[in-house]
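Here's a short set of exercises to work through with the model open beside you. Try each task before reading its solution.

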Amino acid sequence: MSSILLSLFGAASQGLTWAILALGVYITFRILDIPDMSCEGSFALGGSISSFIMVSLNWNPFITLLIATFFGMIAGLVTGFLHTKLKIPAILAGILTMVGLYSINLRIMGQANTALLGKDTIITFVQNLLPSAEMLGIKNSVLQTTATILVGLIFTGIVISFLYWFFGTEVGCCIRATGNNPAMVRAQGVNTDKMKIFGLILGNALVALSGALVTQNQGYADVGMGIGAIVIALASIVIGEVIFSRAKNFAHKLIAIVLGSIIYRLIIALVLQMGLDANDLKLLTACVVALALSIPVLKKTTAYIMISITLKKIANAIQIKFTVKRGRK
Amino acid sequence: MLTLTNIYKTFNPNTVNEKLVLNGLNLELNDGDFVSVIGGNGAGKSTMLNMIAGVHFPDEGSIVLDHEDITKFPEHIRAKYLGRVFQDPMMGTAANMEIEENLALAYRRGKKRGLGWGITKEERALYIEKLKMLDLGLESRLSSKVGLLSGGQRQALTLLMATLKQPKLLLLDEHTAALDPKTANKVLELSDQIIKENSLTAMMVTHNMKNAIQYGNRLIMMYDGIIIFDVSGEAKRNLHVSDLLEKFEQASGGEFANDRMILS
């Protein structure tokens, strides 16, 4: 039993570090309405840069996060340039950046993966600030997970506050409106190309930051770590949106995505515990996202309407029974 | 104040769909003119407005607004001089954003956008006051999403957004065509009122000849990419729909006006 709890605890900590990826994708996919594939490349870029600088240059793990974020911005700038100035369709522009980044990431690391063996990461840094595991009477792995959760909370907190502020500013409002109705935004005197580039820069910066955090958490960077990142991010977004559909306020929506990311990791941990082959995970995720994204269409089918009507009738019947019972008392 | 000189525009050149839309168009607008623009489908009315707004660029010719040659300015640069309302009520507003956010975007037309707050408190008071003038009850729904509004309400809001910052020229591109007759009349009245109150220079494309005669101090009729009839002042006031139809017949060589124009 305790092993299940432990794995769920670990899943929650993972969910927090991956949540920033989901927030980055939310900016491009939902706010800008651009399916930005370059995030798969910039996620691994964040990991590669962070691990390279830590292992080869021995720099402080905090600083590597900032540098990774900066290079993520450049990746976003490249995609934005390809899309807006060179008029390449958004999805293709993203794929071009993603493919290019694969080689760049290999160049940065000089190999397919880099381990952070014996290096101080941001997780161990926080862990050292906490009292030791023996003093608390817990396992060392639990302490490490706790440290990861703390780091995750701090970073998602900072990112959410930043995004909440930024999308309330004049530029932020213009970016949101660009995703909504670019013709109107141009009529109000705003360069929509610039707004798209800003959005892509911001989105990819967060994705790279997330890649660096995930690398420091798992202890290695891999050139293939970004594969499927966009699908994982979308899964977190749709899970958050479906479960917390009442969230109307922008900050609440962002928090819903973070919770969605955690729930996604919990689901994964559960199905793995139940004996699912880890190799089938991506297929499962893809199916979940495809299903969730098709909800608007499915809602219009007769089968869905019949089921929802029956469910409502059952719910009503139960409610009537309940009130009748209470009335008798 | 606006001068269009020898404007030529061909869409899809060198293809089977090649279409000469503007064929050496010339137009001179005076300060305070309220011009209604009529003409059959494909006459080039909307293209002319889009040319002024910078959506399309002329193959030849020049556009001068208030002594400034804006022929090559991109759309978002000239937006600071222009207020625009589109045919499609969806076009002029951002549906997923609040009424006040839309107004705030319009309030900053032509200004540089920075990292200051998107909406300030003082602005809100101004928006409420302006929305009251529309008389649609929108002043109490500042934070409603624009997507929840009806087509007429959205057009009225777009009109307000277009004139919130006084434009040098207001472009109304069949802005009542997608509305029911009653709402269309209300939006037209509102446009007229706003134009008069702010003494704006405006161009209004319409398919409705009665409206074209009723509103504005000047009327131009387009056919095949040029202006074939231009009348203003007293002569315009005395026009009748039958006069316009006659003009149209003459120009098109007996070919009759399209159904929409007769019906309206």
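**Exercise 1. Find the largest pocket and describe its lining.**

Start with the size: the largest pocket has a volume of about 1100 Å³. Here a pocket is an open set of points on a 1 Å grid over the protein atoms alone, with protein on both sides within 12 Å along at least five of seven lines. Lining residues are those with an atom within 4 Å of a point. Points are joined across faces, edges and corners, and the volume is the space filled by probe spheres set on them.

Next, go to the middle. The pocket has 32 lining residues, and the closest to its centre are Arg176(A), Lys248(A), Phe250(A), Lys253(A) and Lys145(B). Now step out to the elements: α1, α8 (170–180), α11 (229–243) and α12 (250–273) of chain A, together with α3 (99–107) of chain B, give two or more residues to this lining. Helices (H or I, at least four residues) and strands (E, at least two) are DSSP runs, numbered from the N terminus.

Finally, sort by class: the lining holds 13 nonpolar, eight polar and 11 charged residues. Ala, Val, Leu, Ile, Met, Phe, Trp, Tyr, Cys and Pro count as nonpolar, Asp, Glu, Lys and Arg as charged, and the others, Gly among them, as polar.

A word on ground rules: this is a predicted model, where local features need pLDDT of at least 70, side-chain atom pairs count only at pLDDT 80 or more, and totals for chains, interfaces and linings use all residues. Residues are numbered from 1 along each chain as its sequence is written, chains are lettered from A and ligands numbered from 1 in the order in which they are written, and side-chain values use heavy atoms, with hydrogens and water left out.

**Exercise 2. Do the same for the second largest pocket.**

The volume is about 530 Å³. Of its 23 lining residues, Trp18(A), Ile232(A), Arg265(A), Leu281(A) and Lys282(A) are the closest to the centre. Which element gives the most to this lining? That's α12(A), with five residues. By class, you get 15 nonpolar, five polar and three charged residues.

**Exercise 3. Check the geometry of helix α1 of chain A.**

Count first: α1(A) covers residues 2–31, which is 30 residues. The expected span is 1.5 Å times one less than the number of residues. So the helix should span 44 Å, and its end C-alpha atoms are 41 Å apart, which agrees.

Then look for a bend: α1(A) turns by about 35° at Trp18(A), taken as the angle between axes fitted to the seven residues ending there and the seven starting there. Just past the helix, Asp33(A) has a positive phi of about 60°.

**Exercise 4. Find a salt bridge that joins the two chains.**

Side chains of opposite charge can pair when their charged atoms come close. The cut-off puts a side-chain nitrogen of Lys or Arg within 4 Å of a carboxyl oxygen of Asp or Glu, and the count is 14 over all chains. One of them pairs Arg108(B) with Glu170(A), with the closest N and O atoms 2.7 Å apart. Arg108(B) sits in the loop between α3 and α4 (121–134) of chain B and Glu170(A) in helix α8 of chain A, so the pair joins two chains.

**Exercise 5. Look for enclosed space.**

A cavity is a set of points where a 1.4 Å probe fits but cannot get out. The whole structure has six of 30 Å³ or more.

- The largest holds about 60 Å³, and α1(B) gives the largest share of its lining, three residues.
- That lining divides into five nonpolar, one polar and two charged residues.
- The second largest has a volume of about 50 Å³, and its lining includes Ala187(A), Gln188(A) and Arg109(B).

**Exercise 6. Decide where to trust chain B.**

pLDDT is the predictor's confidence in each residue, from 0 to 100. Chain B has a mean of 89, with 95% of its residues at 70 or more. Confidence is lowest in helix α10 (residues 259–263) of chain B, at a mean of 50, and highest in strand β8 (residues 202–205) of chain B, at 95. Where pLDDT is low, the predicted coordinates should not be read in detail.
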